[in-house]
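Dear colleague,

I am handing over the structure below, and after it I describe what was found around the ligand. Please read the notes with the structure open beside them.

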Amino acid sequence: MYRGDAGLISDAAKWIGVRTKLRPKIAVVLGSGLGGFAEELIGREEFLYTSIPHWPASTAAGHAGKLVFGLLGTLEVAVMAGRAHLYEGYTAAHVALGVRVLGELGAKAFVFTNAAGGIHASFERGALVLISDHINLQGANPLLGPNDEALGPRFPDMSEAYSRAYRETAKQVAKEVGVRLGEGVYAAVLGPSYETPAEIRYLRTIGADMVGMSTVAEVIAANHMGARCLGISCVTNMAAGVLPQKIHHAEVLETGEAVRGTLVKLLKALLPRLEI
Ligand code: HPA
């Protein structure tokens, strides 16, 4: 079982490091159906996940599975187009490996995007929502096992897992470019089955506004390394039982595709404004 071995992280970082001169301080992780932003980078250098040592391949439909380095204006950016999930059978440490590797290469700020089911009644399908905080219900944590003190502390603080300053900047930038941006708490579940309506009522009761199957392992690893995080969910569907209809993965991907332009607009304006 993969437990976050530092040797594997540095293997992958070295493999990438000799293939590009870029050392992005900002990294973006793109979720289901949200891969489009990578194409915005100029002078792209692309690495298929399957070619990077130890990097988990992303097997979920709608995930491109490549790491892209390039420039947004003069800003060096790393984009993970597609990610690994626990439901694919990876450990939380393996899910977070990409974040670790980019951290080793110099990333200090991470922007995570994901597809999520909308629990809060004020969200509509297609809404973009800033993640204010998360609830980890995945029963997993990337920090399980021996702690590597060189990476971070045994018991990292998570009281500002999603940087307050970054959230304020995101709200300001969204206003400037005319993008509606909600804010809410993201509950992470294991999946891959969608929730039952009873589970959604439970999640609402405990304070969740969105539900999804990703992101928290990566955010925990990034916080552990002292990096700052921002999270944006795309409400691809209303959560189970909110509407009298079934949830289909095709709907999730379709919504991601429809929101793609808005998300790209927001990210392009936002990334240069994040303080590092
Ligand atoms: N539940 C969990 N994960 C999701 C959903 C959902 O409704 N939509 C997109 N990812």
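The largest share of the shell around the ligand, 3 residues, comes from β5, where strands are DSSP runs of E of at least two residues and helices runs of H or I of at least four, numbered from the N terminus. This is a predicted model, in which local features need pLDDT of at least 70 and side-chain atom pairs count only at pLDDT 80 or more, while totals for chains, interfaces and linings use all residues. Residues are numbered from 1 along each chain as its sequence is written, and side-chain values use heavy atoms, without hydrogens or water.

The residues around the ligand, each with a heavy atom within 4 Å of it, include A115, A116, G117, Y194 and E195. Polar contacts are pairs of N or O atoms within 3.5 Å: a polar side-chain atom of N237 lies 2.7 Å from a nitrogen atom of the ligand, and a backbone N or O atom of A115 lies 3.4 Å from a nitrogen atom of the ligand. A polar backbone atom of G117 is likewise 3.4 Å from a ligand nitrogen atom. Of the 260 Å² of accessible area that the ligand has on its own, the protein covers 95% (Shrake-Rupley method, 1.4 Å probe).

The ligand sits in the largest pocket, in the sense that more than half of its atoms lie within 2 Å of the pocket's grid points. To the lining of this pocket, β5 gives the most, with 4 residues.

With best wishes

Terms used. A polar contact is a pair of N or O atoms within 3.5 Å; within protein, one must be able to donate a hydrogen and the other to accept it, and residues adjacent in sequence count only if both atoms are side-chain atoms. On a 1 Å grid over the protein atoms alone, a cavity is a set of points where a 1.4 Å probe fits but cannot get out, and a pocket is an open set with protein on both sides within 12 Å along at least five of seven lines; lining residues have an atom within 4 Å of a point.
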